[in-house]
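Colleague: I am new to this structure and would like a close look at one part of it, with its surroundings explained step by step. Please begin with a single side chain and then work outwards.

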Amino acid sequence: MVPDISTGSRTYGLLVYLYGPGRRDEHIDPHIVAAWSPELAPDPGRDPAATLKQLTDRLDLPVLALPKDRRPARYVWHCPVRTAPGDRHLTDAEWGEVARRIVHATGIAEEGDDKACRWIAIRHADDHIHIVATLKREDGRSPRRHEDGMRAQAECRKIEREWGLQVLNQGDGTAARRPTSAERSKAERTGRAEPPRETLREQVRQALAGATDEDEFFRRLTEAGLRLEKRIAPSGDTIGYKVALPGDRNRDGQPIWFPGSKLAPDLSLPKIRERLEAGTVDNEPALAGPDHQSSRPARARRNATHIAEQALTTLAGDHDGDIAAQLVGFGELLDAVAQTTPASTRKELAEAAHTFERATRSHIRAEHADHRALRSAARGIVRAGNALGKGEDGGTTAMLLSTMVLVAVAAIRWHSARGHAQQAAAARQAAQHLRAAYRTAAATPMNTMRAQGRQLPAPVRDRYAHTLEGALPAQADHLLCESGWDALAVTLAQAEHEGHDPEALLQKAIKSRELDTAGNVTDVLVWRLRSIGELPAASISAGARTNPRLRPPQPQAPKSTTPESPARRGVSSSRRPGPRR
């Protein structure tokens with residue numbers, strides 16, 4: 001059950017919409033289900049003699065009774081309440097009870113208060129009502145409605161539990177402000193995919209990702225095509241900013257501006273300055289990478305993978321301020337990757353960045369100085385430009401996404417342990433989008449590595465299977481049947497060709513991070529080995545397949561004293577198990 005509170009200035013205009021047919025004739029049988037005083041509230045939906053003007057006058061009476069200079073500019077309180085998809089349809093009597101409980105909980109009209117605000121609840125659909133109130137009490141005072149949104153949410157959670165409806169996630173007041181119903185309706189009328197508020201929020205976050213200072217942040221906003229207006233103090237200092245979409249204007253033809261604080265709590269200029277000052281990044285972050293040729297986007301992604309792995313260590317710790325900062329930095333990294341990703345993964349990563357944004361804010365104060373490395377990685381990715389969907393660019397994208405999935409999973413665990421229901425749900429959705437993006441990005445490089453792994457000589461494959469058994473004895477039989485085993489075998493082969501000890505490198509990859517949260521352990525190990533060993537992310541050189549150093553030593557290693565499992569015996573067979581589904 002979702003309440004959505006907003007305020008306005010025209011009671012009559014709102015009632016015309018609520019009693020009207022709707023923009024697509026979706027309003028059915030509009031009528032009042034509850035009111036401050038049923039006998040005093042004329043219902044045009046049930047009484048043919050009643051008019052909207054009469055109902056407006058009754059609702060507005062306490063406001064109009066005041067001198068003009070005491071009348072609030074926005075005195076109309078509007079709260080749609082909607083049940084979740086799949087919930088049963090409530091009766092009129094039940095919706096009336098919902099309305100009475102919400103106006104009581106929010107301070108609009110507490111039970112037994114005969115001087116409370118006037119209000120009505122209108123139903124014109126099966127799944128929701130609209131509560132309309134005027135914000136002056138009968139005694140001329142204003143209602144005490146501090147944090148009415150949170151109080152309405154809390155009352156809805158109680159109703160859900162008591163009535164057996166879906167219990168939605170409890171908010172904590174740190175969510176970004178949602179578009180109003182008027183903003184959503186205008187977006188539909190003008191053919192926009194989403195309300196301007198949401199478009200602006202995403203573009204401001206992308207402009208902030210990895211920005212070095214305030215000037216660069218503002219420059220990125222204008223380069224993105226946004227209208228920008230700074231708020232300048234008499235001293236000449238910038239004390240705020242607001243943005244607007246080109247072409248988004250009000251009825252007077254003026255741009256519709258949104259201050260940063262109205263887009264999200266952490267996008268106000270003071271909050272942005274905290275992040276920039278505490279997490280200042282180098283102008284040109286060093287880009288790690290192997291000696292083989294690779295593009296700047298590939299090296300930036302490889303560098304970001306190392307940093308994301310370090311963030312996982314922090315997320316496994318117990319310092320909440322550090323962890324909160326890492327999640328903020330990870331959000332910036334995700335914004336940067338979404339901006340520069342190949343077309344094949346752009347939609348999923350844009351959705352991941354959009355949903356994870358909610359997981360970056362809670363009441364735990366972030367120690368911003370601790371996300372310097374992640375902001376540096378984000379800057380490196382933005383500076384490096386768009387990545388291709390193939391070759392080393394594609395491989396390092398898959399490498400980075402493999403690690404980013406684990407960071408999102410760690411965020412789910414942390415938020416869940418602290419009761420941050422909305423943030424945990426957002427991280428869970430982001431993880432799903434990241435997994436989908438990973439599968440797309442990894443398809444070509446993993447298929448190439450699997451094919452190359454199947455071409456390795458059987459004795460070489462057996463030797464690496466023994467290496468895996470020694471490193472992960474309890475999981476080896478299962479891992480040897482995973483679709484990623486062939487890619488893991490050829491990765492160990494290339495590591496040895498490059499001068500690494502395969503057994504030592506595998507142990508390092510295993511010990512660097514837990515594997516319990518990995519959906520496909522062999523995939524994770526492939527990318528960890530290629531990251532730690534500075535190996536190419538896209539392919540293996542022909543020399544690594546033919547170099548005599550990769551052939552088994554003579555004489556052959558002693559046979560295992562334990563019976564071989566079917567999975568182990570099948571390692572060198574030409575008949576490989578199919579991919580896991």
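Which side chain makes a polar contact of 2.6 Å with the side chain of R137?

Modeller: Before the answer, please keep in mind that this is a predicted model. The partner is D113, whose side chain makes a polar contact with the side chain of R137 at 2.6 Å. A polar contact of 3.1 Å also joins the side chain of R137 to that of D139. R137 itself has its place in strand β6, and because its relative accessible area is 10%, under the 20% cut-off, R137 counts as buried. Leaving aside residues up to four places away in sequence, R137 touches P62, D113, K115, A116, C117, S142 and P143.

One of these neighbours, C117, leads to the next strand, for C117 in β5 has R137 in β6 as its bridge partner. Strand β6, which covers residues 128-137, is joined to β5 by six bridges, and the two strands run antiparallel. They form a hairpin, with four residues between β5 and β6. Strand β5 covers residues 117-123, and seven of its seven residues are buried. The cover extends to both faces of β5, where C117, W119, A121 and R123 are buried on one side, while R118, I120 and I122 are buried on the other. Strand β5 is also paired with strand β3, residues 31-35, through four bridges, again in an antiparallel arrangement. Within this pairing, A35 has I120 of β5 as its bridge partner, and I120 is one of the buried residues named above.

If you then move further along the chain, you come to an open sheet of three strands, which are ordered β7-β8-β9 and paired in antiparallel fashion. Strands β7 (227-232) and β9 (258-259) stand at the edges, and because each has a single partner strand, one side of each is left without a neighbour in the sheet. Between β7 and strand β8, residues 238-244, there are six bridges, and these two strands run antiparallel. Here K230 stands opposite Y241 in β8, and E229 stands opposite K242 in β8. Helix α6, residues 196-208, packs on this sheet by touching β8 and β9, and its direction makes about 125° with that of β8. Helix α7, residues 214-223, packs on the sheet as well, but α7 touches β7 and β8, and its direction makes about 20° with that of β8. The hairpin of β7 and β8 has five residues between the strands, and there G236 takes a positive phi near 95°.

For a view of how helices meet in this model, you can look at helix α15, residues 421-454, and helix α18, residues 485-497, which pack at an angle of about 75° with their axes 7 Å apart. That angle makes α15 roughly perpendicular to α18. On the side of α15 the contact involves M446, M449, R450, Q452, G453 and R454, and on the side of α18 it involves D486, A487, V490 and T491. Sorted by kind, the residues of this contact are four nonpolar, three polar and three charged.

To return to your starting point, R137 is buried in the model, and its side chain has polar contacts with the side chains of D113 and D139.

Conventions. Residues numbered from 1 in each chain as written. Predicted model: local features only at pLDDT ≥ 70, side-chain atom pairs only at ≥ 80, totals over all residues. Heavy atoms only, no water. Axes fitted to C-alpha atoms, helices over the stretch in contact; angles between N-to-C directions. Parallel < 35°, antiparallel > 145°, perpendicular 65-115°, else oblique. Contact = heavy atoms within 4.5 Å. Nonpolar A, V, L, I, M, F, W, Y, C, P; charged D, E, K, R; others polar. Buried < 20%, exposed > 50% of the residue type's maximum accessible area, 1.4 Å probe, protein only. Pairing = 2+ DSSP bridges. Polar contact = N/O pair within 3.5 Å; in protein donor to acceptor, adjacent residues only side chain to side chain.
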